[in-house]
Amino acid sequence: MRVNVRPIRGARLACEAVATANRERQTANREPERLMSEILRLRNISKTFPGVVALRNISFDLNEGEIHCLCGENGAGKSTLIKILSGAYQPDEGGEIFFEERPVVLTPHLAMNLGIQTIYQEHVIFETLSVMENIFAGAEIVRRGLLHKSEMKRQTLAVLKYLKSNLSPDAKMGDLSSGEQKIVEIAKGLVFKRKVIILDEPTASFSSVEIDNLLDIIETVKNSGLGIIYISHHLEEVFKIGDRVTVLRDGRKVSEREIAGLTKTALIKDMVGRDPSTFYQREKVPIGEIVFEARNVTGNGARDISFVLKRSEILGISGMAGSGRSELMNVLFGSARLDFGEILINGRVVKQSDPKQAIRNKMCFITEDRQNTGLLLPQTIAQNVTIANLVNTREFVVRSRDDARIGDRFVKQLGIKATNSQTRVVDLSGGNQQKVVLAKWFNTNGEIFIFDEPTVGIDVGSKQEIYKVMVDLLKQGKAIIMVSSDMPEVISMSDRVIVMKNGEKVAELGGDEISEENILTNSIGDKTI
Amino acid sequence: MSGEAVVEPKPAVRTSLFKRYENLTVLSIFAGFVLVIVLLQLIMGGGAKFPTFISPVNLLNILQQVGVPGIVAIGMTIVMISGGIDLSVGMLASLVSIITALGISKWQLGVVPSVLLGIAAAVGLETIMGFIISRTKVEPFIITLGGMITFQGIALLLCSSREVIMNGELDFLKANLIQGAKDPISHLNLIIPPYVLIFFVIALLGGLLLSYTKYGRRIYAIGTNPQAAYLAGIDVKNMKLSAYVIMGVLVGIGAVMLLARINTGIVTLGQGLEIDTIAMVVIGGTALKGGKGNVVGTLIGVFFLGSIGNAMNMLRLPSEVQFVAKGLVVIIAVSAGDVSNRISGFLSRRRELRWHAEQRATKGESVESTK
């Protein structure tokens with residue numbers, strides 16, 4: 001067993017060693033027992049946030065030259081685990097982390113020094129700098145007080161060549177595709193001789209060629225002896241490159257399996273399996289006639305989507321992050337271009353080239369990111385509640401007194417916890433802010449509601465209240481399209497569910513077909529299952 | 001809602017004065033400034049004479065000086081609340097004054113057509129800039145900076161780098177509206193010219209527009225969060241454009257007033273106007289990033305900045321000192337505004353938290369009792 005605990009002290013040291021090391025790696029045959037030596041071991045890792053247990057007693061380990069995949073639905077605890085590994089979060093009391101057999105308390109700084117690199121879904125890059133400058137950002141090689149560009153370039157080229165990539169070290173990062181940017185981030189891990197690379201959803205929004213290319217590179221990196229933690233919604237990728245897979249569900253570790261001999265059906269079985277009796281029990285409302293219809297809607301990443309929506313019905317839209325759900329909603333609401341297809345409201349084709357027209361057509365859009373796209377944070381509840389209805393009012397003059405009256409009515413009706421409607425929205429909690437967004441749309445007297453992630457970042461109590469409000473809307477004869485990544489929410493609230501994948505509608509489920517297993521199979525599995 | 005039944009009556013709202021009246025901070029600094037000047041005058045004058053700084057004739061004098069920048073500052077308030085800025089107003093005013101003066105004295109168009117031509121030019125040029133700003137992602141700072149340089153060039157070309165002297169055709173704009181009125185203290189003539197009245201009318205209209213109309217609501221909304229405003233059905237692009245169009249009208253009017261005062265169209269006429277108006281607006285509490293501010297605050301800023309130079313004269317300080325004083329006032333007023341915002345924000349957050357804690361306590365009990 002190789003016990004090498006010398007942390008990488010300075011980038012310079014690492015850089016000097018890396019070129020030779022890489023050459024060795026390419027030529028020398030590694031001894032088998034070295035390949036299997038353990039880099040990381042986690043024991044009894046739990047993480048509690050106020051009101052939420054994100055992880056319970058997780059054990060996890062990673063060997064040299066291994067790709068260990070992490071699977072689970074949105075909110076299963078994958079991100080929390082990554083953040084613990086990168087030192088951003090500290091595990092609760094009792095959790096132990098061993099790095100190469102030594103117990104460590106990970107901080108972001110220590111994780112970096114030990115050689116753990118996390119590559120997040122969102123690129124953390126400098127768009128205006130070159131590939132080389134991005135790789136060496138913050139750890140430039142310096143000779144006599146000046147940048148040693150030729151050396152940095154040599155090392156960059158060596159690593160890129162090793163990865164069989166023909167990127168130029170001088171290319172501007174911003175000009176590269178997101179697949180190429182990912183390669184640069186991986187190259188950085190090699191240049192600095194990292195030992196563990198964590199990839200969080202690396203292929204989201206990639207083309208299939210880019211995915212194949214990236215998977216090849218990851219295998220190359222693995223063969224040079226690094227441990228890789230790979231998180232992906234795409235089971236094809238997991239089966240293609242993974243050695244082992246750990247499945248999380250609701251913060252618990254469900255299983256850990258060798259990929260060899262595993263079937264996709266078995267893996268999906270591990271990922272589902274909540275007890276449906278714990279779900280919210282929604283009151284059923286008799287469903288009416290068709291009020292909204294999308295025909296072959298294409299645009300903004302959504303492709304050829306058709307569906308109908310009936311009065312007093314909740315149509316759930318499910319799918320993994322990046323499957324084009326929010327993009328579709330923006331097209332339906334007129335805030336993104338409709339390239340092709342038709343939208344019908346009450347049987348009539350409508351043209352909606354901006355939200356103003358959608359609001360006039362009695363549509364409402366409760367967006368996913370309420371702080372950035374839903375609210376005027378520094379303004380009062382009253383001002384927020386009345387802003388969308390300006391489209392419908394004829395009077396040019398507005399009175400603050402009327403606004404306050406409307407605001408106060410909604411504060412009372414929705415139980416918004418604020419002293420009165422003159423409270424600024426920025427001072428409210430997440431759940432109450434969401435109620436302000438709801439009030440804004442109720443005030444427009446809309447008929448067709450789009451809820452994009454209605455309960456994201458909201459505590460359990462407020463969640464239930466928002467579900468109740470949604471059922472009240474159904475009773476008033478309104479119709480709801482609900483995009484949600486929260487599986488219990490989709491199952492318990494929806495009358496029908498559309499599953500999206502890569503911008504397309506892959507399934508429509510109704511009645512008893514709405515189950516975790518059906519939704520997950522369609523949104524992450526092959527069609528062959 | 002089940003939670004509603006147990007919600008206790010709300011506690012008496014104790015909002016800090018500084019939060020309820022957002023202009024109070026700058027108003028108190030202004031009041032402090034006036035007090036200091038008056039005291040200094042009393043001390044230096046041996047306490048015998050009435051402080052000339054607050055004599056009616058001097059106050060009217062200050063009004064005359066701030067009338068024109070005040071008109072432009074109202075426009076600047078609207079533009080800045082919408083999230084924009086306009087650096088070109090000074091040179092645009094110079095350009096308008098030259099066009100109008102040329103129209104009257106050289107092209108012989110007559111007074112009214114010349115004035116309308118000048119105003120139309122201002123509106124047209126602002127519309128072009130507003131169009132570019134609202135349709136592209138380029139910073140308004142840069143577009144209007146380019147506008148400033150361009151307008152200066154056009155103005156110089158039009159007048160061949162010379163001044164355009166008129167024969168007092170616009171004198172009716174500086175006629176005294178209260179002919180014969182005397183200051184009871186100094187027995188000097190009191191003067192209120194029409195453009196001071198126009199300033200007040202425009203300030204009133206601007207204030208009403210921002211506070212009591214749909215248009216105003218939308219201007220605040222696009223300045224606060226353009227994305228959310230767009231999704232709430234507001235035509236963000238055209239709203240931005242409209243702010244610059246209004247600016248054009250006001251700069252046009254202001255430039256004609258300026259021309260009437262000086263009687264000469266010259267390129268230096270509007271020099272520094274953009275600096276003064278932006279300073280007035282930010283002193284009044286309008287945020288550079290948009291969404292915040294009001295006309296009352298701007299009015300305080302206008303009077304405050306306008307009275308600094310005057311006060312320095314009264315104290316017989318060299319005129320160079322006034323730049324130092326003006327600069328310091330901008331820095332102090334804006335920093336104090338931020339500090340008082342932080343304090344009131346902290347207090348209100350603490351109050352909300354305490355209120356929630358009380359709610360939870362009472363709720364817990366009543367849930368027990370209802371079971």
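In strand E20 of chain A, A:Met482 is the bridge partner of A:Phe451. That pair belongs to a parallel match-up in which 5 bridges join strand E19 (residues 448–452) of chain A to E20(A). Keep in mind that you're looking at a predicted model.

**The six-strand sheet in chain A**

Zoom out from that pair and you'll find an open sheet of 6 strands, in the order E18-E19-E20-E15-E21-E22 (chain A), with mixed pairing. At the edges stand strand E18 (363–366) and strand E22 (504–510) of chain A; each has a single partner strand, so one side of each is left without a neighbour in the sheet. From one strand to the next, the twist averages 15 degrees.

Now look at E15(A), which has E20(A) on one side and E21(A) on the other in the strand order. How buried is strand E15 (residues 314–318) of chain A? 5 of its 5 residues are buried, so E15(A) is largely enclosed by the rest of the structure. In a regular strand, side chains alternate between the two faces of the sheet. In E15(A) both faces are covered: A:Ile314, A:Gly316 and A:Ser318 are buried on one side, and A:Leu315 and A:Ile317 are buried on the other.

A:Ile317 is a handy landmark here. Its bridge partner in E20(A) is A:Val483, while in E21(A) its bridge partner is A:Ile498. There's a helix to spot as well: helix H19 (residues 516–524) of chain A lies across E15, E21 and E22 of chain A, running at about 25 degrees to E21(A).

**Another set of strands in chain A**

Elsewhere in the chain, E16(A) pairs with both E13(A) and E17(A). On the E13(A) side, A:Thr298 has A:Phe340 as its bridge partner in E16(A). On the E17(A) side, A:Ile343 is matched with A:Val350. E16(A) and E17(A) form a hairpin with 2 residues between them, and A:Asn346 in the turn has a positive phi of about 50 degrees.

Here are some of the strand pairings in chain A:

| Strand pair | Sense | Bridges |
|---|---|---|
| E13(A), residues 290–299, and E16(A), residues 340–345 | antiparallel | 5 bridges |
| E16(A) and E17(A), residues 348–350 | antiparallel | 3 bridges |
| E15(A) and E20(A), residues 479–483 | parallel | 4 bridges |
| E15(A) and E21(A), residues 496–501 | parallel | 4 bridges |

**Over to chain B**

Chain B has 13 helices and 2 strands. Its C-alpha atoms fill a box of roughly 90 × 60 × 35 Å along the principal axes. Of the 371 residues in chain B, 43% are buried.

For a look at how its helices pack, try helix H4 (residues 89–105) and helix H6 (residues 140–158) of chain B, whose axes come within 8 Å and cross at roughly 20 degrees. That makes H4(B) roughly parallel to H6(B). The crossing is left-handed. Residues making the contact include B:Leu95, B:Ile98 and B:Leu102 of H4(B), along with B:Phe151, B:Ile154 and B:Leu158 of H6(B). In total, the contact residues split into 11 nonpolar, 3 polar and no charged.

**Where the chains meet**

How many residues of chain A are in contact with chain B? There are 27, and they touch 30 residues of chain B. On the chain A side, helix H12 (355–360) and helix H13 (370–374) are the elements that give two or more residues. That side divides into 13 nonpolar, 9 polar and 5 charged residues.

Key. Residues are numbered from 1 along each chain as its sequence is written. Chains are lettered from A and ligands numbered from 1 in the order in which they are written. This is a predicted model: local features need pLDDT of at least 70, side-chain atom pairs count only at pLDDT 80 or more; totals for chains, interfaces and linings use all residues. Two strands pair if DSSP finds at least two bridges between them. A residue is buried if 20 or more other C-beta atoms lie within 10 Å of its own, exposed if 12 or fewer, and partly exposed in between; C-beta atoms are placed from the backbone. Axes are lines fitted to C-alpha atoms, for helices over the stretch in contact, and angles run from 0 to 180 degrees between N-to-C directions. Angles under 35 degrees count as roughly parallel, over 145 as roughly antiparallel, 65 to 115 as roughly perpendicular and the rest as oblique. A crossing is left-handed if the near helix is turned anticlockwise from the far one by less than a right angle, and right-handed if clockwise. Two residues are in contact if their C-beta atoms, placed from the backbone, lie within 7 Å. Ala, Val, Leu, Ile, Met, Phe, Trp, Tyr, Cys and Pro count as nonpolar, Asp, Glu, Lys and Arg as charged, and the others, Gly among them, as polar.
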